[in-house]
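Q: Could you walk me through this model? I would like to go through the sheet, the core and any unusual backbone spots.

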Amino acid sequence: GILFNTGAGQHILKNPLIVNSIIEKAALRRTDVVLEVGPGTGNLTVKMLEKVKRVIACEIDPRLVGELQKRVQGTCLANKLEIKVGDILKTDLPFFDACVANLPYQISSPFVFKLLLHRPFFRCAILMFQREFALRLVAKPGTKLYCRLSINTQLLARVDHLMKVGKNNFRPPPKVESSVVRIEPKNPPPPINFQEWDGLVRIAFVRKNKTLSAAFKSSAVEQLLDHNYRIHCSLHNIVSSFNILNSISAYCDLHTDCSEIPENFKIAEKIQTVLKNTGYSEKRARSMDIDDFIRLLHGFNSDGIHFS
């Protein structure tokens with residue numbers, strides 16, 4: 001038999017009851033194209049091939065690709081299976097209706113966001129994760145596990161915890177418990193620039209128990225936002241008094257909407273003013289929901305402060 005590489009997250013789901021339950025919860029249709037990541041020896045793959053139009057299985061290990069090919073060879077399922085060999089994180093995702101996967105756990109976070117930013121939209125994803133990661137995905141404001149992962153995922157998708165899966169359902173058993181989660185992307189997506197949003201959320205959640213006033217006093221944060229603010233100003237014909245000196249009158253003759261950044265301008269003061277005016281100065285990220293962050297992002301952007 002094959003020696004599984006547990007360091008690469010190779011834990012094969014062996015319990016047929018769990019396999020059937022995952023497929024049932026995916027509510028697959030005869031016309032579906034399904035993306036599967038990490039098919040292993042094909043326990044999920046074969047069951048899905050019986051139900052759908054096509055399965056695109058992405059596998060990084062050539063040994064397991066061989067096992068999967070052998071398993072369907074000479075059957076009526078073979079022409080419904082397409083195997084892509086390589087790293088899913090470095091591959092452009094194909095078109096698919098649903099994604100069903102027992103993921104290698106170390107790629108969980110980057111893969112979730114690759115999925116959620118993928119276009120065109122897919123209907124749903126049924127994914128196996130490490131238990132704690134799954135609970136972070138569905139965590140609500142004010143709970144211990146609530147974090148940047150929680151709010152970013154919930155901004156872009158509806159997320160539900162479907163079932164717990166014990167370690168003995170895998171071969172070889174992992175060291176951690178697992179959970180199955182359903183992710184349904186919001187379509188249409190919220191009208192928010194995700195890079196801007198993530199820049200703000202990243203700063204707020206570095207120390208989620210700190211007040212936002214304290215979180216934004218970091219010198220690295222102030223430098224970044226000062227840099228972004230000056231770029232914003234240059235794009236909007238707002239000129240710096242210490243950069244232009246004698247040419248300011250000539251510049252302003254050409255740009256009637258020209259205004260000026262004061263020579264003693266301090267981004268720190270501007271940041272704290274926005275936090276105070278929006279009412280979030282003493283709030284902490286751990287208890288803020290999506291609407292709170294949307295309002296805060298709007299407050300910063302309206303004052304020319306950007307995060308990407």
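**Strand pairing and beyond**

A: This is a predicted model. A starting point is E59, whose bridge partner in strand 4 is V85. Between strand 3 and strand 4 the chain passes through helix 3, and this β-α-β crossover is right-handed.

Q: How many bridges join strand 3 to strand 4, and do they run parallel or antiparallel?
A: Strand 3 (residues 54-59) and strand 4 are joined by 5 bridges and run parallel. Within strand 4, I83 stands opposite A57.

Q: And where does helix 3 lie?
A: Helix 3 (residues 62-72) lies across strand 3 and strand 4, and its direction is at about 170 degrees to strand 4.

Q: What about strand 3, how many of its residues are buried?
A: Strand 3 is mostly covered, with 5 of its 6 residues buried.

Q: Which way does strand 2 run against strand 3, parallel or antiparallel?
A: Strand 2 (residues 33-37) runs parallel to strand 3, and 5 bridges join the two. V37 stands opposite C58 in strand 3. The chain goes from strand 2 through helix 2 (residues 43-49) to strand 3, again as a β-α-β crossover that is right-handed.

Q: Stepping back, what is the strand order of the sheet?
A: The sheet is open and consists of 7 strands in the order 4-3-2-5-6-9-7, with mixed pairing. Strand 4 (81-85) and strand 7 (157-165) are the edge strands, each of which pairs on one side only. Ignoring direction, neighbouring strands are turned by 20 degrees against each other on average.

Q: What holds strands of a sheet together in general?
A: Strands pair through backbone hydrogen bonds, in either a parallel or an antiparallel arrangement.

Q: Let us move to strand 6. Which sense does its pairing with strand 5 have, parallel or antiparallel?
A: Strand 5 (residues 98-102) pairs with strand 6 in the parallel sense, over 5 bridges. One pair of bridge partners is A98 and, in strand 6, C124. The chain reaches strand 6 from strand 5 by way of helix 4 (residues 108-116), and this β-α-β crossover is right-handed.

Q: And strand 9, how does it run relative to strand 6, parallel or antiparallel?
A: Strand 9 (residues 178-185) and strand 6 run antiparallel, and 6 bridges join them. L127 has V181 in strand 9 as its bridge partner.

Q: Is strand 6 mostly covered or mostly open?
A: Strand 6 (residues 124-130) is mostly covered, since 6 of its 7 residues are buried.

Q: Now the hydrophobic part. How many residues does the largest nonpolar core have?
A: The largest nonpolar core has 65 residues, and F129, I183, F216, F293 and F300 are those with the most contacts inside it. Helix 7 (residues 194-205) supplies the largest share, 7 residues. Both domain 1 (6-185) and domain 2 (194-303) contribute at least three residues each to this core. Another core of 28 residues lies apart from it, with L28, V72, L81 and V180 among its members.

Q: Which residues is I183 in contact with, beyond its neighbours within four places in sequence?
A: The contacts of I183 beyond that range include V112, L116, F122, L127, F129, L137 and V159. R158 is also one of them.

Q: Changing topic, why does V176 count as partly exposed?
A: V176 counts as partly exposed because its relative accessible area is 28%, and the range for that class runs from 20% to 50%. V176 is found in the loop between strand 8 (170-171) and strand 9.

Q: What does V176 touch, leaving out residues up to four places away in sequence?
A: V176 touches Y105, Q130 and K167. Its C-alpha is also 7.3 Å from that of R131, although the two are 45 residues apart in sequence.

Q: Where are the cis peptide bonds?
A: One cis bond runs from R171 to P172, with omega near -15 degrees; P172 lies in the loop between strand 8 and strand 9. Another runs from N187 to P188, with omega near 5 degrees, and P188 lies in the loop between strand 9 and helix 7.

Q: Which residue has a positive phi although it is not a glycine?
A: A27 has a positive phi of about 50 degrees. A27 is found in the loop between helix 1 (16-26) and strand 2.

Q: Finally, how many helices and strands does the chain have?
A: The protein chain has 13 helices and 11 strands. Of its 308 residues, 48% count as buried.

How values were computed
Residues numbered from 1 in each chain as written. Predicted model: local features only at pLDDT ≥ 70, side-chain atom pairs only at ≥ 80, totals over all residues. Heavy atoms only, no water. Core = buried A, V, L, I, M, F, W, Y, C linked by side-chain atoms within 4.5 Å. Buried < 20%, exposed > 50% of the residue type's maximum accessible area, 1.4 Å probe, protein only. Helix = DSSP H or I, 4+ residues; strand = E, 2+ residues; numbered from the N terminus. Domains from an automatic or database assignment. Contact = heavy atoms within 4.5 Å. Pairing = 2+ DSSP bridges. Right-handed = clockwise from strand over helix to strand, strands pointing away. Axes fitted to C-alpha atoms, helices over the stretch in contact; angles between N-to-C directions.
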